[in-house]
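Reader: I have this model open beside me and would like to go through some of its details with you. Could we start with the charged pairs and then move on from there?

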Amino acid sequence: MSLNIYLGMLHQAEQTLAESFRQVAEGHAAEPDVHHLCHALAQQCDEHSRVLLPVVQRYGEDRSDGEPERLHAEGLSTTRQGPVGLLRDLQDLYLLASFVDVTWTMVKQAGSALRDRGLLDVVTRCDGETATQLRWLQTRMKQAAPQALVAACASPAADRAAP
Amino acid sequence: MVDRIADIWGTRTPYPKDGLWPVRVDQALQEGVTEADVDRWVQSACVLCSNGCACDIAVKDGAMVGIRGRAGDLVNHGRMGPKGLFASWQGVSSGERLQRPLIREHGRLVECDWDTAMDRITERSRQLLHDRGPLSHGFYTSGQLFLEEYYALAVIGKAGIGTPHMDGNTRLCTATAAAALKESFGADGQPGDYTDIDSCDAIFLYGHNMAETQTVLWSRVLDRIAGPDRPRLVCVDPRDTEVARYADVHLAVRPGTNLALMNALVREILANGWLDEAYVRDHTLGLDELRATVEPWTAEAAAAICDVPAADIREAARIFGTSGRVLSTVLQGFYQSAQATASSCQVNNLHLLRGLLGRPGCGILQMNGQPTAQNNRECGADGDLPGFRNWENPEHIDELARLWNVDPLTIPHWSPPTHAMQIFRYAEQGSIEFLWISATNPAVSMPDLPRIRNILATPGLFLVVQDLYLTETALAADVVLPAAGWGEKTGTFTNVNRTVHLSDKAVEPPGEARSDLEIFLDYARRMEFTTLEGGPLLSWAGPEDGFEAWKECSRGRPCDYTGVSYERLRGGSGIPWPCNDENPDGRVRLYGDGVFPTDPEYCESYGHDLLTGATVGPEAFRARAPSGRAILKAADYHPPHEEPDREYPLRYTTGRTAYHFHTRTKTGRSRPLTRAAPSAWVELSPHDAGRLGIGEGDLVRVTSRRGRIEVPARISDIRSGTIFAPFHYGYWDRDGSPGEQPTAANELTITEWDPVSKQPVFKNAAVKVEKIGDATGPAPAPSTTASRPSAAAAGPRSVQPTAGGRQGQATEWVGAAPPPRFPEAIGRSGQDGRP
């Protein structure tokens with residue numbers, strides 16, 4: 001059974017997503033909504049990791065497998081600047097969150113096949129929040145895109161950051 | 001004569017439950033003028049709060065000389081509040097009015113003629129549209145223009161230029177009211193009516209200091225309280241307001257914790273089975289989610305967060321759950337605090353759970369702060385589309401495009417219209433380079449003023465300011481346009497309970513000042529905005545053309561005006577919309593049939609996640625099959641983002657006093673009002689004052705991470721650990737800048753907003769307070785309001801009672817006429833209404 005590989009992947013991806021939300025929160029602190037909401041969503045990811053941990057331990061986390069390892073999403077190492085930079089960073093978060101979202105779906109499939117009520121309860125608690133994270137990212141990106149791509153100065157240096 | 005500065009709410013006229021509120025006609029004339037001297041009375045309604053009191057303006061020798069409440073109007077039954085009595089015409093009659101346009105030359109504002117000013121605007125506007133496109137343009141307007149003016153601006157912005165960057169200061173005052181109504185009911189539209197005060201068994205005031213923000217409405221409550229069968233009263237407010245003093249339960253919550261309280265109240269209703277199960281089943285969606293969300297919020301859990309006794313929360317819930325008819329009113333204590341929309345939706349949920357909607361005494365009043373805020377929401381010069389249309393619904397966009405005869409692609413609808421805080425952010429970043437501000441003063445009213453001043457001074461930003469006076473904001477403008485004020489132009493506006501009033505022109509504006517409508521139409525003409533056929537986009541000759549155009553835009557929508565006309569509004573009472581074939585005299589309350597505007601083809605919004613503001617979207621909304629049912633929305637409580645810590649150990653909240661409106665541009669020009677509340681102060685509790693060694697009137701410095709203010713301290717009965725500052729006191733009556741002793745409350749507030757309504761969080765910040773000087777007298781705070789000195793304060797009682805003296809006198813005629821009733825009070829088409 002390889003569910004443990006997926007559980008390990010999910011656990012790590014939630015942690016990576018949490019760190020990346022925090023990175024964007026700090027890197028774009030001049031956008032107050034992004035700052036506060038990314039921190040709030042990072043806490044949601046922390047909570048997902050916390051409730052997932054007993055399941056991971058029950059199945060035995062395996063982070064050593066070579067093949068799925070390549071599926072691990074890299075977190076954001078740094079944030080960009082300016083309106084286009086914000087859009088790109090939110091888009092990176094969107095990709096990470098999508099990875100988490102679809103992984104929850106696969107874990108749910110396996111949990112159903114195993115009739116593991118405990119695991120399914122954890123999925124129910126978390127996957128809706130991940131879906132909302134995706135919707136928020138898309139809402140915010142859709143709002144930011146026209147201004148960033150059409151009206152804003154192309155060079156980040158020209159962006160007058162908040163004092 | 002009555003001193004209406006000392007007696008804010010005037011003479012009591014008690015009445016029983018289900019009785020008619022007696023008439024009391026209030027009048028104030030200029031000193032030395034008698035009624036016999038008045039040449040004519042011109043019909044209008046007051047614009048100094050959102051209540052919408054109908055009045056007549058006294059005119060003598062071409063000047064406004066007095067005001068009188070209209071006995072036959074359903075809103076106020078003749079009454080006026082102190083601001084209406086003493087700052088309506090007085091507030092626009094000052095010699096300091098702008099009389100000619102100003103343009104910036106070599107860094108200085110100099111007078112010019114209209115052609116020069118408008119040429120400068122259109123030249124820059126054209127250039128930017130050519131070089132950078134419509135997204136370079138932003139419009140920030142008001143809650144104090146007339147309906148016709150908002151609609152003109154909306155058409156210019158959405159169909160002429162095609163920019164999504166349009167909002168009003170309504171974002172600061174009423175955005176959450178609209179957002180909560182949309183989330184719960186599918187569209188904006190006030191469910192309740194003021195007559196619900198007449199018929200209710202209990203009134204809940206959530207963050208609503210009605211006694212000071214809508215003084216005439218509070219008179220109505222006081223008259224019920226003075227009657228034989230007073231309603232129970234529950235007040236949620238951290239201050240010991242006049243409302244709190246009459247309350248059966250006063251929940252003085254920690255600022256920023258409203259949602260914890262609301263979740264607990266909802267939980268109590270569910271746990272005690274005080275719900276109308278048939279109503280919930282037939283008319284709502286989402287009970288299971290709501291139940292799950294509030295489940296952890298026991299009265300004890302909320303009591304620990306809110307710092308109020310659990311027993312009081314239970315008692316409040318019991319009053320809500322067991323009273324026959326309940327009226328709820330909500331205002332800035334909820335709208336400008338953390339999790340604003342979620343908290344306000346819980347008020348809607350309480351009513352839905354008990355089925356207390358659409359019947360006499362069973363109402364919700366999600367209040368507005370400003371007189372014409374409702375029209376900005378309807379007409380779409382703010383973050384909404386005209387006629388409560390849904391930006392996510394392509395059919396609605398096509399309707400507008402057909403109405404205006406423009407390409408649907410011109411109308412920005414790829415995302416919600418840009419909210420005010422984001423408009424200013426784009427200006428800060430340089431992507432909005434043309435910002436037109438009308439009838440509002442962000443240099444004092446927006447949060448984090450040091451930042452806002454920097455933005456307004458951005459060198460690349462072309463700033464147009466249109467106002468009555470040279471405000472703090474106007475001082476930063478490239479072009480200043482002198483606008484006509486109230487009484488100097490004709491137009492309509494709509495109050496909190498959907499009542500439409502006409503305000504007729506009484507006198508000529510000073511100098512070359514022009515109505516906001518004339519200015520907008522002139523801009524549209526000069527910019528040559530056209531329809532698809534090449535005709536002018538806006539061909540209105542005046543306000544009545546604008547009103548008729550608006551009626552077509554509103555046809556079939558919740559705010560249907562098609563049955564209203566200028567003719568019908570003259571003479572009789574104001575008319576509550578919807579007014580159409582189905583409701584020929586308008587409609588007192590909405591949702592009596594339990595059918596809500598949540599049909600996906602009809603609704604104004606598909607809703608949002610209340611924690612993040614993520615849009616639900618059309619597919620997910622349709623999948624829930626709301627079919628006219630209301631939606632029980634909920635979110636879990638999250639602590640405010642700035643909480644007290646070691647460096648900034650106190651909570652900071654802001655608000656208004658009964659004697660002033662906004663940044664005092666009008667009320668600051670009224671002598672009796674200015675004498676009652678001449679300058680800034682802060683309030684702190686006797687406990688905090690004792691701990692910090694601060695006495696009444698001592699000069700204190702209040703500091704947050706954003707800035708500081710230095711003002712005298714009033715020791716009041718505010719909850720301990722919380723500091724309050726009135727937000728009225730900017731710098732126009734000093735030298736226009738904060739100087740060494742800043743006084744504007746928003747020097748300290750945080751740049752943050754609610755994720756759904758995008759309303760800024762003015763009512764929660766962390767501050768520290770220190771004494772910097774000894775008192776030279778008591779603080780300049782009124783003794784008649786929530787700023788009343790605490791009886792528990794140490795030291796001598798030196799505070800003089802606030803009074804108006806000779807200049808604060810008004811005449812009151814109690815019972816001057818029989819009380820008006822709906823629908824008899826409404827004027828019919830083709831006949832004169834009653835005087």
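Reader: Which residue does Asp585(B) form a salt bridge with?
Author: This is a predicted model, and in it Asp585(B) forms a salt bridge with Arg828(B), the closest N and O atoms being 3.1 Å apart. The pair links distant parts of the chain, 243 residues apart: Asp585(B) sits in the loop between strand S21 and helix H25 of chain B, while Arg828(B) belongs to the segment after strand S29 of chain B.

Reader: And is Asp585(B) buried or exposed?
Author: Asp585(B) is buried, since its relative accessible area is 13% and the cut-off for buried is under 20%. Its partner Arg828(B), at 34% relative accessibility, counts as partly exposed.

Reader: What about Arg701(B), which residue is its salt-bridge partner?
Author: Arg701(B) pairs with Glu770(B), and the closest N and O atoms of that salt bridge are 3.8 Å apart. Here too the pair links distant parts of the chain, with Arg701(B) in strand S25 and Glu770(B) in strand S28 of chain B, 69 residues apart. Arg701(B) counts as partly exposed at 26% relative accessibility, and Glu770(B) is partly exposed as well, with a relative accessible area of 33%.

Reader: I also see Asp774(B) and Lys771(B), so how far apart are their closest N and O atoms?
Author: They are 2.7 Å apart, and the two residues form a salt bridge. Asp774(B) counts as exposed, at 60% relative accessibility, whereas Lys771(B) is partly exposed, with a relative accessible area of 33%.

Reader: Which residues do shared salt-bridge partners join into one network?
Author: Salt bridges that share partners join Asp115(B), Asp119(B), Arg514(B), Asp522(B), Arg525(B) and Arg526(B) into one network.

Reader: How many salt bridges are there over all chains?
Author: The count comes to 78 salt bridges over all chains.

Reader: Changing topic to helices, at what angle do the axes of H14 and H16 of chain B cross?
Author: The axes of helix H14, residues 310-322, and helix H16, residues 340-354, cross at roughly 45 degrees and come within 10 Å. The two helices are therefore oblique to each other.

Reader: Which residues make that contact?
Author: On the H14(B) side the contact is made by Phe320(B), Gly321(B) and Thr322(B), and on the H16(B) side by Leu350(B), His351(B) and Arg354(B). By character, the residues of this contact divide into 2 nonpolar, 3 polar and 1 charged.

Reader: Just before H16, I noticed Gln339(B). What is its phi?
Author: Gln339(B) has a positive phi of about 50 degrees although it is not a glycine. Most residues other than glycine have a negative phi. Gln339(B) lies in the loop between helix H15 and H16 of chain B, and it is buried, with a relative accessible area of 13%.

Reader: And Asp448(B), where is that one found?
Author: Asp448(B) is found in the loop between helix H20 and helix H21 of chain B. Its phi is near 55 degrees, a positive value in a residue other than glycine, and at 11% relative accessibility Asp448(B) counts as buried.

Reader: Which peptide bonds are cis?
Author: Among them is the bond from Trp577(B) to Pro578(B), with omega near 0 degrees, and Pro578(B) lies in the loop between S21 and H25 of chain B. A cis peptide bond also joins Phe822(B) and Pro823(B), with omega about 0 degrees, and Pro823(B) lies in the segment after S29 of chain B.

Reader: Back to helices for a moment, what does Asn258(B) touch?
Author: Not counting residues up to four places away in sequence, Asn258(B) touches Val236(B), Val253(B), Gly333(B), Phe334(B), Ser337(B) and Ser343(B). Asn258(B) is placed in helix H10 of chain B and is buried, with a relative accessible area of 4%. The C-alpha atoms of Asn258(B) and Ser343(B) are separated by 6.3 Å, although these residues are 85 residues apart along the chain.

Reader: Last one, how many helices and strands does chain A have?
Author: Chain A comes to 5 helices and 0 strands. Of its 163 residues, 48% count as buried, and chain A exposes about 7800 Å², of which carbon and sulfur atoms supply 52%. Among contacts in chain A with a separation of 6 or more, residues 24 or more positions apart account for 79%.

Methods
Residues numbered from 1 in each chain as written. Chains lettered and ligands numbered in written order. Predicted model: local features only at pLDDT ≥ 70, side-chain atom pairs only at ≥ 80, totals over all residues. Heavy atoms only, no water. Axes fitted to C-alpha atoms, helices over the stretch in contact; angles between N-to-C directions. Helix = DSSP H or I, 4+ residues; strand = E, 2+ residues; numbered from the N terminus. Parallel < 35°, antiparallel > 145°, perpendicular 65-115°, else oblique. Contact = heavy atoms within 4.5 Å. Nonpolar A, V, L, I, M, F, W, Y, C, P; charged D, E, K, R; others polar. Buried < 20%, exposed > 50% of the residue type's maximum accessible area, 1.4 Å probe, protein only. Areas by Shrake-Rupley, 256 points an atom, 1.4 Å probe, with all protein chains shown as cover. Salt bridge = Lys/Arg side-chain N within 4 Å of Asp/Glu carboxyl O.
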